Amino acid sequence: MPTWGLIAEMTVGTGDRKHVEAYVLTHVEGSRDEALAELEGRARRFTPEHPRNPKRRRLFRDGDGFVLVIDGSWQSYSARFTVAELLEDSAAPTPKREPEPRPEREPRPEPADAVPPRIPPMPSAPPTRYADGVPAKPAWLGRSDLP
């Protein structure tokens, strides 16, 4: 299924510093119609920072999205909501690969004269320890099965 980005481009700032910035609101997996339905709901609920006292609010449908125009006391502000298919994302998490199944190996029959590996005997008495609880002799010291 394709992944759709719900994108909002809106007017930010005031006066001479007023400009348009784009934001990715969310991603939707599914059909384009499902993404458009989600985008329409977000466009209808959207409340921008400016204008502070809106006089009129108009929502238009435009091809792949919506245009919201809000008239304020002195100026109008707009927000464009677009649905677009995500083709590439440099910061997307890498999908986890399923480990390839390993073929089960048949157990080899042990020869009759096979010698079992030597397992060191378990200590019969608890090891002596220093006052802080560290063993005086490391458990690995003296084991013959280690290289």
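Five strands make up an open sheet here, arranged in the order E2-E1-E5-E4-E3 with antiparallel pairing. Strands E2 (19-29) and E3 (56-62) sit at the edges with a single partner strand each, so one side of each has no neighbour in the sheet. From one strand to the next, the twist averages 15°. Please keep in mind as you browse that this is a predicted model.

**The chain as a whole**

- The chain has one helix and five strands, and from the N terminus on its elements follow the pattern β-β-α-β-β-β.
- Of its 147 residues, 20% count as buried.
- The accessible surface of the chain is about 12,600 Å², and carbon and sulfur atoms account for 53% of that.
- If you look at contacts between residues at least 6 apart in sequence, 45% of them join residues at least 24 apart.

**How the strands pair**

- As a reminder, strands of a sheet pair through backbone hydrogen bonds, either parallel or antiparallel.
- Strand E1 (residues 3-12) runs antiparallel to E2, and ten bridges join the two; one place to look is Trp4, whose bridge partner in E2 is Val28.
- E1 is also joined to E5, again antiparallel, by seven bridges; here Met10 has Ala79 of E5 as its bridge partner.
- E4 and E5 pair over seven bridges in the antiparallel sense, and Gly65 has its bridge partner in E5 at Thr82.
- Four residues lie between E4 and E5, which form a hairpin.

**The helix against the sheet**

- Helix H1 (residues 32-45) lies across E1, E2, E3, strand E4 (65-71) and strand E5 (76-85).
- The helix runs at about 10° to E4.

**Salt bridges**

- The structure holds five salt bridges, and three of them are worth a visit: Glu38 with Arg42, Glu40 with Arg44 and Asp62 with Arg80.
- In the first pair, the side chains of Glu38 and Arg42 meet at 2.9 Å, N to O. Both residues belong to helix H1 and lie four residues apart, about one turn of the helix. Glu38 is partly exposed at 31% relative accessibility, and Arg42 is partly exposed too, with a relative accessible area of 28%.
- For Glu40 and Arg44, the closest N and O atoms are 2.9 Å apart. These two are also four residues apart in helix H1, which means that about one helical turn separates them. Glu40 counts as partly exposed at 25% relative accessibility, whereas Arg44 is exposed, with a relative accessible area of 55%.
- For Asp62 and Arg80, the closest N and O atoms are 3.0 Å apart. Asp62 lies in strand E3 and Arg80 in strand E5, so this salt bridge ties together parts that are 18 residues apart in sequence. Asp62 is partly exposed at 41% relative accessibility, and Arg80 is partly exposed with a relative accessible area of 36%.

**A nonpolar patch on the surface**

- Trp140, Leu141 and Leu146 make a nonpolar surface patch of about 320 Å².
- Leu141 is found in the segment after E5.
- The relative accessible area of Leu141 is 42%, so this residue counts as partly exposed.

Terms used. Residues are numbered from 1 along each chain as its sequence is written. This is a predicted model: local features need pLDDT of at least 70, side-chain atom pairs count only at pLDDT 80 or more; totals for chains, interfaces and linings use all residues. Side-chain values use heavy atoms; hydrogens and water are left out. Two strands pair if DSSP finds at least two bridges between them. Axes are lines fitted to C-alpha atoms, for helices over the stretch in contact, and angles run from 0 to 180 degrees between N-to-C directions. Contact means heavy atoms within 4.5 Å. Patches are made of residues with over 30% relative accessible area and no salt bridge: like charges are joined within 9 Å, nonpolar side chains (Val, Leu, Ile, Met, Phe, Trp, Tyr) within 5 Å. Accessible areas come from the Shrake-Rupley method with a 1.4 Å probe; for residues, only the protein chains shown count as cover. A salt bridge is a side-chain nitrogen of Lys or Arg within 4 Å of a carboxyl oxygen of Asp or Glu. Buried means under 20% relative accessible area, exposed over 50%, partly exposed in between (1.4 Å probe, protein chains only).
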